[in-house]
Amino acid sequence: MFKYFQTILAIAAICGLIALGVTHELWVPLLAPSGEEGEDLSAAAAAGGAPPSEQLLLSEQAQKNLKLTSKPLRPTNYWKTIDVPGMIVDRPGISDRGVVAPVTAIVTSIHHYAGDTVETDDVLFTLRLVGESFQTSQTELFKAIKDREIAQEHIDRLDDLAKAGGVAGVRVIDLKNEVRRLDVSINAYRQDLQIRGLAPDQIAAIASGELISDVVIRVPPVAADENESDHQAPAERLPAFEVQEVNVRLGEQVQAGEMLCTLSHHQSLFIEGNAFRRELPLLQKGAEESLPITVELAEDAQGDWDAPIPPTTIHHISNTLDAKNRTASFYLTLENQFRSYQRDGKRLFLWRFRPGQRVRLKVNTEQLENVFVLPAAAVVQEGAESYVFRRNGDLFERRPVHVVHQTQSEAVIANDGSIPPGLYVAQNAAVQLNRALKSKSGTAQPGVHVHADGSVHANH
């Protein structure tokens, strides 16, 4: 009987071992550490394990001390760039506009000062005439109009007599020629007064004999594309200009052509970049293909402006080189951002970008396809090797990778199968993790010793 039970137990043990061997793929993963953030352990097992010397177990407190974060690897496309310094500048003919005195006069009133917002046709200055040429144009216009009226009256009176033969027809013809000459003179005087800054109603008053002694200087008009952005709603339309600087004082005499004030319209600006001659082929390629360029403020942070700086493209490249620095300038359009507030019943503006601000430009040069992009702190270099740390719960496993491109802030890893997509990788503290791993394994280089915190120091 006892031998019978021994036989049964032996058969049962053999069957159990066979069952365990057949189902080992189901129960072995249950004995491994749990994954983080939903990582599939079967996929990790398929990726292959690492020897213990390449694995590091960290406590929860150590992970908090290092502020460790991890994210799954996702293949993407990456643009290689070159960094070029730049500066925000005015856009000639659009950003700023000067207002000059049309005649020699004395400033009797200043209606707007620096910081005021003004619309087209708003009054800026009132000038009192002191020059003779302006008065001469007025009197000559009025005289020419009266002479024409007199000549037209003669024509009306003699026209019937000429048809009846009582007056020579040549006389009527001479009077009609005189009217034509007077029409030309009247038109010329009107144009002269209009160029000097007079409004049509003022010119009409002069034609009726009301000569003026004061000239009103108004805000000039702007084109529609200068006053409104394609990306803005009609409610966000800006006024024509802001008064940037007033160049005269009350009671000051100004000459014809002298600057009275400067008006600014900083909604559309330029970014001026300066590149070396060897970088010109890359810039020309970017201009031809309209490659996007990333703009970063070099002196100011994002602040409380919610909208990011949108990528822009090269507008044009200068055809000359700077003789001193041997650099070429290129220009990018920049749509300004603003906020407004009310003060003393007036609407004032705060601009995000101002001429003179320095920026950094990242010019796209080459696209790398199907790569992994990680923060620079996620990769550690040791000799000819570069490593990242795959995270599996509290276990960190060092994996060798091929770095195809690296910048100060980013590292681009080849998707060559050394680390498959989807694995969670530490996004920072790779240097500290590597030190701790060497301290654990005791594989420090000769002539150095490793402390318990993972730091490496030379032997004394």
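**Contacts and burial, term by term**

Colleague: Why is Lys80 called partly exposed?
Modeller: Its relative accessible area is 23%. Buried means under 20%, exposed over 50%, and partly exposed in between (1.4 Å probe, protein chains only), so Lys80 is partly exposed.

Colleague: What am I looking at, by the way?
Modeller: This is a predicted model, where local features need pLDDT of at least 70 and side-chain atom pairs count only at pLDDT 80 or more, while totals for chains, interfaces and linings use all residues. Residues are numbered from 1 along each chain as its sequence is written, and side-chain values use heavy atoms, leaving out hydrogens and water.

Colleague: What makes Lys80 and Glu366 a salt bridge?
Modeller: The term asks for a side-chain nitrogen of Lys or Arg within 4 Å of a carboxyl oxygen of Asp or Glu. Here the closest N and O atoms are 3.7 Å apart, so the pair fits. Lys80 sits in strand β3 (residues 76–89) and Glu366 in strand β18 (residues 358–375), so the bridge ties together parts 286 residues apart in sequence. Those strands are DSSP runs (E, at least two residues; helices are H or I, at least four), numbered from the N terminus.

Colleague: How do you know that Arg360 and Glu296 are bridged too?
Modeller: Their closest N and O atoms are 3.5 Å apart. Arg360 is in strand β18 and Glu296 in strand β13 (residues 293–297), so this pair ties together parts 64 residues apart. Arg360, at 40%, counts as partly exposed, and so does Glu296 at 28%.

Colleague: What makes Glu397 count as buried?
Modeller: Its relative accessibility is 4%, so Glu397 is buried. Its salt-bridge partner Arg390 is buried as well, at 5%. Their N to O distance is 3.2 Å. Elsewhere, salt bridges that share partners join Glu54, Glu382, Arg398 and Lys438 into one network.

Colleague: How many aromatic pairs are there, and why is Phe270 with Tyr331 called tilted?
Modeller: There are two pairs. In this one the centres lie 5.7 Å apart and the planes meet at 50°. Rings of Phe, Tyr and Trp (its six-membered ring) pair if their centres lie within 6.5 Å; planes under 30 degrees apart are stacked, over 60 edge-to-face and the rest tilted. So Phe270 and Tyr331 are a tilted pair. Phe270 is in strand β12 (residues 268–276) and Tyr331 in strand β15 (residues 327–335), 61 residues apart.

Colleague: Are those two rings buried or exposed?
Modeller: Phe270 is buried at 8%, and Tyr331 is buried at 19%.
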